[in-house]
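User: I have a structure to look over and would like to talk it through. Could you take my questions as they come?

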Amino acid sequence: MLACASVETRAQVLSTDQPYLCELGVQGGFGYYVGDAAPHIFTNIREAYGIHFRYKFTKRWAIQAKVSGQRIAGSDFDIRGHKLDTRWQNQMINVDVMAEFNFFRFGTSNKYDKRIRPYTPYIFLGIGAGMYGIGDKAALSRGTHATAYIPLGIGFKWKFHRFIGMNIAWQHNIYMADNLESRDALDNKHQLNGWNWMNCDLTGMFTVGLVFEFAKAKKVCRICNF
């Protein structure tokens, strides 16, 4: 009887530690743009926000799909390239898919597996598509533009509840375009477009997010309750 009770108690503890495979989250923070009108990071800071879905293959590897938005801003220029007092703003919408790698085995900590930690730094890399010039009457060709980009960055995850956690991420987007400003005076002004990806515009986002996990993994043992 004591042996059965011990097995049942252990099974109940492990049952509460069953990992979740999926995650939904929201994030908010600030973003910036680096290009012909702003050569340095953390200048002309504007709001950034997004929502994401994450699927965890293992405790180290996951894939994330995210939709995010941010405004970019800078100074205006005349046709001769002289900086003007007027300023411009441009709304961007990004959709990307990224692979993630956790430095620690991430999950709900328990006494049966000391390798699992409720926190971990992580890195990510993927592909994405962005739209810009949205609702901007002075935009280049007076229309909305689209381009591909490469998202990459670093972050930190912390799981403070069985299915609730938070994360901090610093993401950089390298665009396959040099006209995020949507201004004629700033588009390819050095005639370096084309295959010179070093001249592409960049954006960055620093965000803090709240996540909710769901869809528990299948039980390892069919007989026991875990």
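Analyst: The exchange below goes from the overall make-up to strands, cavities and single residues.

User: First, what kind of model is this, and what is the average pLDDT of the chain?

Analyst: This is a predicted model. The chain averages a pLDDT of 80, and 71% of the residues score at least 70.

User: Where does pLDDT stay under 50?

Analyst: Residues 1-16 stay under 50. For that stretch the model has twelve contacts beyond four places in sequence.

User: Which elements does the chain have, and in what order do they run?

Analyst: There are one helix and ten strands. Read from the N terminus, the order is α-β-β-β-β-β-β-β-β-β-β.

User: How much of the chain counts as buried?

Analyst: Of its 226 residues, 42% count as buried. As for contacts between residues at least 6 apart in sequence, 66% of them join residues at least 24 apart.

User: On to pairing. How do strand 1 and strand 10 run, and how many bridges join them?

Analyst: Strand 1, residues 20-34, runs antiparallel to strand 10, and 14 bridges join the two. Within that pairing, Q27 stands opposite G209 of strand 10.

User: And how many bridges are there between strand 1 and strand 2?

Analyst: Strand 1 and strand 2 share ten bridges, again in the antiparallel sense. G31 has R46 of strand 2 as its bridge partner.

User: What about strand 9? How does strand 9 pair with strand 8?

Analyst: Strand 8 and strand 9 are antiparallel, with eleven bridges between them. A hairpin of four residues makes the connection from strand 8 to strand 9.

User: And how does strand 9 pair with strand 10?

Analyst: Strand 9 pairs with strand 10 over eleven bridges, also antiparallel. Q171 can be followed across both pairings: Q171 is the bridge partner of G153, and M205 in strand 10 is the bridge partner of Q171.

User: Changing topic: how many cavities of 30 Å³ or more are there?

Analyst: A search of the whole structure finds two. The largest has a volume of about 110 Å³, and the second largest holds about 60 Å³ of space.

User: Which residues lie nearest the centre of the largest one?

Analyst: Its lining has 13 residues, and those nearest the centre are Q64, K66, Y122, A169 and T207. Strands 2 (46-56), 3, 7 (119-134), 9 (164-175) and 10 (202-216) each give two or more residues to this lining.

User: Which strand gives the largest share, and what is the chemical character of the lining, nonpolar, polar or charged?

Analyst: Strand 9 gives the largest share, with three residues. By type, the lining of the largest cavity has five nonpolar, six polar and two charged residues.

User: Same for the second largest cavity: which residues line it?

Analyst: The lining includes E23, R54, F106, K157, W158 and K159. It also includes I164, G165, M166, N167, V211 and E213. Strand 8 (145-159), strand 9 and strand 10 are the elements that give two or more residues each.

User: Which element gives the largest share there, and how do the residues divide?

Analyst: The largest share, four residues, comes from strand 9. The lining of the second largest cavity divides into five nonpolar, two polar and five charged residues.

User: Now single residues. Where is S68, and is S68 buried or exposed?

Analyst: S68 belongs to strand 3, residues 61-77. S68 counts as buried because its relative accessibility is 3%, and the cut-off is under 20%.

User: What does S68 touch beyond its sequence neighbours?

Analyst: Leaving aside neighbours within four places, S68 is in contact with Y49, G50, M92, I93, N94 and M205. M205 is the residue already named as the partner of Q171.

User: And M131, buried, partly exposed or exposed?

Analyst: M131 is in strand 7. Its relative accessibility of 41% lies between the limits of 20% and 50%, so M131 counts as partly exposed.

User: Which residues does M131 touch, and how far is M131 from A148?

Analyst: Not counting residues up to four places away, M131 touches Q91, M92, I93, T144, H145 and A146. M92 and I93 are also among the contacts of S68. The C-alpha atoms of M131 and A148 are 9.0 Å apart, with the two residues 17 apart along the chain.

Notes
Residues are numbered from 1 along each chain as its sequence is written. This is a predicted model: local features need pLDDT of at least 70, side-chain atom pairs count only at pLDDT 80 or more; totals for chains, interfaces and linings use all residues. Side-chain values use heavy atoms; hydrogens and water are left out. Buried means under 20% relative accessible area, exposed over 50%, partly exposed in between (1.4 Å probe, protein chains only). Contact means heavy atoms within 4.5 Å. On a 1 Å grid over the protein atoms alone, a cavity is a set of points where a 1.4 Å probe fits but cannot get out, and a pocket is an open set with protein on both sides within 12 Å along at least five of seven lines; lining residues have an atom within 4 Å of a point. Grid points are joined across faces, edges and corners, and a volume is the space filled by probe spheres set on the points. Ala, Val, Leu, Ile, Met, Phe, Trp, Tyr, Cys and Pro count as nonpolar, Asp, Glu, Lys and Arg as charged, and the others, Gly among them, as polar. Two strands pair if DSSP finds at least two bridges between them. pLDDT is the predictor's confidence in each residue, from 0 to 100.
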